[in-house]
Amino acid sequence: MLIKRRAGWEMPESQATPEALFMNRRGLLGAGAGLIASAALPKLAAAQGADPTLDLYPAKKNTAYTLDRPVTDEDLAANYNNFYEFGTSKDVVSASKRLATRPWMIAIDGMVEKPMEIGIDDLIRKMTLEERLYRFRCVETWSMAVPWTGFTVKSLVEFAKPLSSAKYVKFETFMNPKVAPGQSQRWYPWPYTEGLTIAEATSDLPLMVTGIYGKPTPPQHGAPLRLITPWKYGFKSVKSISKISFVAERPKTFWEGLQASEYGFWANVNPEVPHPRWSQASEQVLGTRERRPTLLFNGYAEQVAGLYKGLEGERLFV
Ligand SMILES: Nc1nc2c(c(=O)[nH]1)N[C@H]1C(S)=C(S)[C@@H](COP(=O)(O)O)O[C@H]1N2
Ligand SMILES: [Mo]
């Protein structure tokens, strides 16, 4: 495969996958493509009206979360995105406008007292929105700092009432290749899937994000609902979620499905554990010339290190 060389920190995650793997995937994944229930498919966007939850913004600021750097410029964050469903470049703004984010159903299923489907606006109104400033760190080594609006994953878990047999929460992005051209590339293990342990999910930091910069999330940032886990690499923060499942087995994540040696389930930020193509010792702060030293757990060690006691044998930082 021809690999186009770019400045180190700009080399995208897409270059992780050797062509051989692409070819295998193409063969393996052909069969399942027709099985998605059409009722649940997000549609192509027509002229979309005002967001039905606009009255909830700006949400109350949670001042417990502070930054060690300025907030990233809004336009910059909104025009430098990873969203492979709409292309592998950082410029997905116009392509992602094809995604109709209303109506939008979220399935909550698996090991729960009562599986359900709930409209995004009903779900949001059952939860308490708050705004938090978080650092964000992509494995490609760029970083930003943004105000997210959302509700805690912990409150979602309480709402879903999982059975004690559930050990993980699995999050899946919508699936509709007619809207998201990237999903026609069948060598990727769509739908984009991520997961957390129940212990991680019910800790304080993870957010189900519905907004950014005091407004509902624009499509390119993962509307209408995405995950944010600020102590993990950005690929954990799955966008445009349509299904949340409580399961007993560790879910196979999208990037693990592509290249397990480079992208694992845990993906906790650690400056001392390099990725094969990126030293993780420092990060490039978006919109500045500044490189800052990477911090263990992206600076959130105090809040999350305890989650990994007894798991030292795991590949916690890949
Ligand atoms: N569904 C989906 N979610 C995704 C991705 C993706 O390609 N598809 N990219 C991930 C990666 S690698 C990063 S760094 C962040 C980028 O989030 P942002 O574009 O809002 O900054 O989204 C993550 N969530
Ligand atoms: Mo990323």
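How far is an oxygen atom of ligand 1 from an N or O atom in the side chain of N81? In this predicted model, the separation is 2.9 Å. A second contact of this kind involves H221, where a side-chain N or O atom is placed 2.7 Å from an oxygen atom of ligand 1. S237 takes part through its backbone instead: one of its backbone N or O atoms is 2.9 Å from a nitrogen atom of ligand 1. Taken alone, ligand 1 has 530 Å² of accessible area, and the protein covers 100% of that area.

The location of the ligand was examined next. Ligand 1 occupies the largest cavity. Around the ligand there are 19 residues, of which Y84, E85, H221, R226 and K239 come nearest. H221 thus appears both in this nearest group and in the side-chain contact at 2.7 Å. Sorted by class, the shell around ligand 1 comprises nine nonpolar, six polar and four charged residues.

Open space was also analysed. A probe the size of a water molecule, rolled over the atoms, shows where empty space is left. The second largest pocket contains about 370 Å³ of space. Its lining is formed by 22 residues, and those closest to the pocket centre are Q48, D51, T101, T217 and P219. The lining of the second largest pocket divides by class into 12 nonpolar, seven polar and three charged residues.

Terms used. Residues numbered from 1 in each chain as written. Chains lettered and ligands numbered in written order. Predicted model: local features only at pLDDT ≥ 70, side-chain atom pairs only at ≥ 80, totals over all residues. Heavy atoms only, no water. Near = heavy atom within 4 Å. Polar contact = N/O pair within 3.5 Å; in protein donor to acceptor, adjacent residues only side chain to side chain. Areas by Shrake-Rupley, 256 points an atom, 1.4 Å probe, with all protein chains shown as cover. 1 Å grid on protein atoms, 1.4 Å probe; cavity = no way out; pocket = protein on both sides within 12 Å on 5 of 7 lines; lining within 4 Å. Sits in = over half its atoms within 2 Å of the grid points. Nonpolar A, V, L, I, M, F, W, Y, C, P; charged D, E, K, R; others polar. Points joined across faces, edges and corners; volume = space filled by probe spheres on them.
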